[in-house]
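Let's walk through this model together, starting from its interior and working outward to a helix pair and a cysteine bond. Please have the view open as you read.

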Amino acid sequence: MTNNLINTILATCLLFSSLNLAAAQISTSNHQAEAQLLVGETCLNQANTACAMTALAKIPSNSPYAKLLQGEIAYYNQALDQTLQLLLPLQAEAHFTSGAKISLHQHLAKAFAQLQDTEQALIHLLEVDIALAKASSSQQKDATALNHKQIWDLLSKLSQIELVTIRGNNTDDLFQGWVDLALAAKHQDLSSSLKAWKISYQDHPAVAFSSSLHIHMAEQTLKLLSDSEIVITFKTTSDIDSAKAEAFKLGLQTALSHQEANNTIHISRLTNDETNINEEDSPSVNTETPTTSPYLIALQLDSEAAEANSIKYSANKQQTLTIGLHLNNEAEQLVKFATSNGISHVAIITTEDENSVALLKHFSAAWQKAFNLNENHDNFNIITLPKHLAVSDPSLLDIQSKISAKPHDMLLLALPAADARIIKPFLDVGTPTVAFSNLHDTSTDIALHAVRFVEIPFLLQPNAEFTKHQNSITQLNSNELLRWYALGVDALSILVATQHPSEKEVIINGLTGQININPTAITRQPSMASYTYEGITKE
């Protein structure tokens with residue numbers, strides 16, 4: 001009995017001693033392999049591939065460190081496919097030291113960056129950040145700062161659309177925090193946007209970097225560089241156009257007053273052949289408007305204007321802003337709502353009047369662009385009603401059967417607000433119903449309950465900015481004029497942000513929506529809202 005017990009104890013000791021010996025051998029082997037890896041990396045940094053190959057030969061071929069060095073050599077030789085084939089499987093390696101993990105993810109990030117896969121490159125740089133956090137403090141500070149710079153170099157080159165796209169593909173807080181920081185840095189008011197970012201990401205590793213970002217980025221002045229005149233030109237054939245231009249001017253003047261700026265504003269009305277109208281035709285016209293003003297605004301009062309919002313610079317440094325409230329911006333927002341909600345077929349109710357035709361045309365163009373379709377697609381069921389509908393109109397009796405004749409996920413009301421109020425009781429309340437901003441001609445409208453519509457943020461209550469401008473807008477008696485007033489306020493922000501030609505993208509949270517400014521175009525994204533029994537709700 002005693003002998004058996006002694007034999008068992010001895011066997012157990014021998015077993016564990018052999019395991020410890022194997023573990024020690026593995027540890028020693030890994031230590032030697034990592035030493036040769038560091039030698040090989042030093043050789044590559046000195047552009048000496050022969051030296052790196054010699055270091056590789058001293059690492060057992062079955063060692064993950066050999067695969068890692070092979071991958072780094074492949075990257076040095078720009079064999080990117082081979083680099084990924086060698087390095088990607090090593091992510092599951094449990095015995096790598098923190099230094100090896102850092103090197104692995106750094107090279108994967110470089111490879112993906114060269115393949116223009118920013119999302120994957122960012123993921124690996126964030127893995128570097130996590131590994132660095134576990135490294136010794138003496139190594140961590142400088143290496144982390146360098147890694148953060150690499151992350152920023154990667155993200156700062158992306159446009160707003162690209163940033164939003166990759167943000168939607170990854171729900172990790174670390175990932176989204178960096179992307180949101182890049183988005184915040186594109187805002188015109190950098191100080192406010194970074195402050196808001198820090199509130200949202202108080203514990204994010206990039207907090208220290210965000211503070212230095214404000215210091216190292218060029219400070220942006222939020223005022224015009226000159227007190228020279230601002231010239232507004234517009235074509236008109238009606239008093240309605242003149243009222244819109246005056247509302248725009250009032251908004252611009254109010255924005256200047258809030259900045260305590262001394263710029264004067266001149267309006268130059270033009271006929272279709274671009275000649276000035278005589279001053280007696282309009283008391284507000286100044287026919288002696290200087291043409292050498294550094295700030296020129298070409299106001300587009302036609303919502304169907306072909307020329308997009310843009311900024312141009314002449315040889316004499318004149319800054320020309322072409323701007324308007326275009327229907328295509330609203331149409332794109334409606335299509336965006338459809339795509340984000342999985343909608344693929346739309347029933348459209350429209351009328352024969354010119355405005356309704358324009359609404360349908362712009363929605364159709366935005367839909368074709370978003371889904372890459374030609375004009376012969378079968379996604380629409382268009383029901384056209386006569387002008388000036390009456391409640392007793394017989395065409396309303398079978399409107400629901402016409403709508404149900406084809407499958408649909410959404411209903412679009414591309415018609416005047418008065419017609420929409422008449423039609424609404426005949427519609428299925430369970431079908432999502434959307435419309436352009438023309439449906440919002442009153443603050444509340446129970447008749448249009450549950451209809452979603454596109455609108456500028458300025459007209460969506462509660463709104464602090466609306467209160468701020470309350471005293472200035474008392475004379476404007478329609479939502480249409482209020483929209484042009486808001487555009488006048490935003491025009492100053494755009495002029496300020498574009499005082500010099502720049503390759504940098506800028507985002508403005510304007511009264512008329514989020515405005516994105518890049519070297520090729522100015523785009524505006526309005527908001528979505530809906531009628532409810534309690535009033536209007538922003539979505």
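**Inside the fold**

The largest nonpolar core (buried Ala, Val, Leu, Ile, Met, Phe, Trp, Tyr and Cys residues joined through side-chain atoms within 4.5 Å) has 52 residues, and those with the most contacts inside it are Leu68, Leu69, Leu122, Trp152, Leu155, Trp178 and Leu181. Helix α9, residues 173-184, gives the most to this core, with eight residues; helices here are DSSP runs of H or I, at least four residues long, numbered from the N terminus. Apart from this core lies another, of 44 residues, including Leu301 and Trp484.

This is a predicted model, in which local features need pLDDT of at least 70, side-chain atom pairs count only at pLDDT 80 or more, and totals for chains, interfaces and linings use all residues. Residues are numbered from 1 along each chain as its sequence is written, and side-chain values use heavy atoms, with hydrogens and water left out.

Now look at Trp152: leaving aside residues up to four places away in sequence, Trp152 touches Trp178, Leu181, Ala182, Ala185, Phe209 and Leu213, a contact being heavy atoms within 4.5 Å.

Next, follow α9 to helix α10, residues 190-200: their axes come within 9 Å and cross at roughly 165° (lines fitted to C-alpha atoms over the stretch in contact, with angles from 0 to 180 degrees between N-to-C directions). That makes α9 roughly antiparallel to α10, a label for angles over 145 degrees. On the α9 side, Gly177, Asp180, Leu181 and Ala184 make the contact, and on the α10 side Leu190, Ser193, Leu194 and Trp197.

Finally, a disulfide (cysteine sulfur atoms within 2.5 Å) joins Cys43 to Cys51, S to S 1.8 Å. Cys43 is buried, at 3% relative accessible area, while Cys51 is partly exposed at 26%; buried means under 20%, exposed over 50% and partly exposed in between, with a 1.4 Å probe and protein chains only.

Conventions. Helix = DSSP H or I, 4+ residues; strand = E, 2+ residues; numbered from the N terminus. Parallel < 35°, antiparallel > 145°, perpendicular 65-115°, else oblique.
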